[in-house]
Amino acid sequence: MKNQLSVMLILLCFTFVVTGCKNTPPVTSGIGSKRITPEQEYAKYLQINNKQLAAQLHISDIKSRKSNDLLAINLSLTSSYRKSQQLQYQFQWFDQAGFVIEAGKSPWHPIELHGMQTLTVAGLAPSTQVATFSLYVREVPKKFFKF
Amino acid sequence: MNKFILATTISLAIVTLSGCTNKSVVRYGDATAVETNDINFGSTDLQKIASQMTDSLLLSPVVGTLTANTRPIMFVESIKNKTSEHIDTESITDSISTKLLRSGKFRFVDMGRVSAAREQMDFQQNSGMVDASKAVAFGQQVGAQYMLYGNLASIVKSNKDKSDVYYKFTLRLMDLKSGLVEWADETEIRKTKAKESVGW
């Protein structure tokens, strides 16, 4: 009887473990800024959709200027975590009327942010029509099995 | 009774296990997202190179001067693949030239379509099927003023636990009249692949 109970318990435990054997969708939320113009104070337009990431990372500065008629952005990211983080960031560009420019073509750029590091990355508007922009930072999903 | 419980438990475990087999599922993904399926040259590397090179060229003060009052005409010479991988470098130059063209700062001539264009013009001129007054005449095209060219090189190192690949992409802009290299830049990519434990 005891043996049978042990077998049952082992099987039940195994069943619970195995039911977790699936690829769960990765966490793709992050932190970023809403659509802003170069003149606006970026700090008022920050958005945090992932509190866990926000505890390890914050946007410490956003600078912008016109270079060769194109809007150039400098984004500073500061880590408040002691380990390296694998991140990706994306800029989105909008014209004066708020219409997105080059929809779906703005790539996510991978970066490695070392522990407690501040890293400045750059973005350049794809056309002279760009008047406002937004940006977003999120983790590169790890290919682990999550339970 | 005990046998019944045991049999039920085993059956449940088998049913659950059978749900854990590999099933093919087709999904549409984000073509611009960072891709880390393997260490080989991938879409993220292509997009990173194209984006960084285009941004660097467009931000260059030299290019600012060149494009102040005119849209210079360029042609892209093929990128030499010096890596050990088979990489479609034409895809990189296509992305770069498309981005530059869409920026409104440059114009391009496509040397890869010269024979097709000649064939069409020959048809217009000599087939007798096109109104001669409206046919595109030979000898009216404009030539490129600048040439874009570059190299893609890699260094690969690996041991039993870790693989490391380093890519270096160099791009240059030459003034065809003077032969001077007016602008050059390079971008680097490092990718590593190491064994990691399963996360819980």
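This is a short tour of one sheet, one of its residues and two helices in a predicted model.

**Stop 1: the sheet in chain A.** Select strands 3, 4 and 8 of chain A, which form an open sheet in the order 3-4-8 with antiparallel pairing. Strand 3 (57-67) and strand 8 sit at the edges, each pairing on one side only. From one strand to the next, the twist averages 20°. Now keep just strand 4 (residues 70-79) and strand 8 of chain A in view: seven bridges join them in the antiparallel sense.

**Stop 2: the helix on top.** Add helix 2 (residues 43-59) of chain B, which packs on the sheet and touches strands 3, 4 and 8 of chain A. Its direction makes about 75° with that of strand 8.

**Stop 3: A:L124.** Zoom in on A:L124, in strand 8 (residues 118-124) of chain A. Is A:L124 buried or exposed? It counts as buried, because 23 C-beta neighbours lie inside 10 Å and the cut-off is 20 or more. Its bridge partner is A:A72. Try a C-alpha to C-alpha distance to A:I73: 6.2 Å in space, though the two are 51 residues apart in sequence. Beyond its sequence neighbours within four places, A:L124 is in contact with residues of both chains: A:L70 and A:A72, plus B:D55, B:L58 and B:L59.

**Stop 4: helix 5 of chain B.** Finally, select residues 114-126 of chain B, a helix of 13 residues. At 1.5 Å a residue it should span 18 Å, and its end C-alpha atoms are indeed 18 Å apart. The number of its residues that are buried is zero, so this helix lies largely in the open. After it comes B:G128, with a positive phi near 80°.

How values were computed:
Residues are numbered from 1 along each chain as its sequence is written. Chains are lettered from A and ligands numbered from 1 in the order in which they are written. This is a predicted model: local features need pLDDT of at least 70, side-chain atom pairs count only at pLDDT 80 or more; totals for chains, interfaces and linings use all residues. Helices (H or I, at least four residues) and strands (E, at least two) are DSSP runs, numbered from the N terminus. A residue is buried if 20 or more other C-beta atoms lie within 10 Å of its own, exposed if 12 or fewer, and partly exposed in between; C-beta atoms are placed from the backbone. Two residues are in contact if their C-beta atoms, placed from the backbone, lie within 7 Å. The expected span of a helix is 1.5 Å times one less than its number of residues. Two strands pair if DSSP finds at least two bridges between them. Axes are lines fitted to C-alpha atoms, for helices over the stretch in contact, and angles run from 0 to 180 degrees between N-to-C directions.
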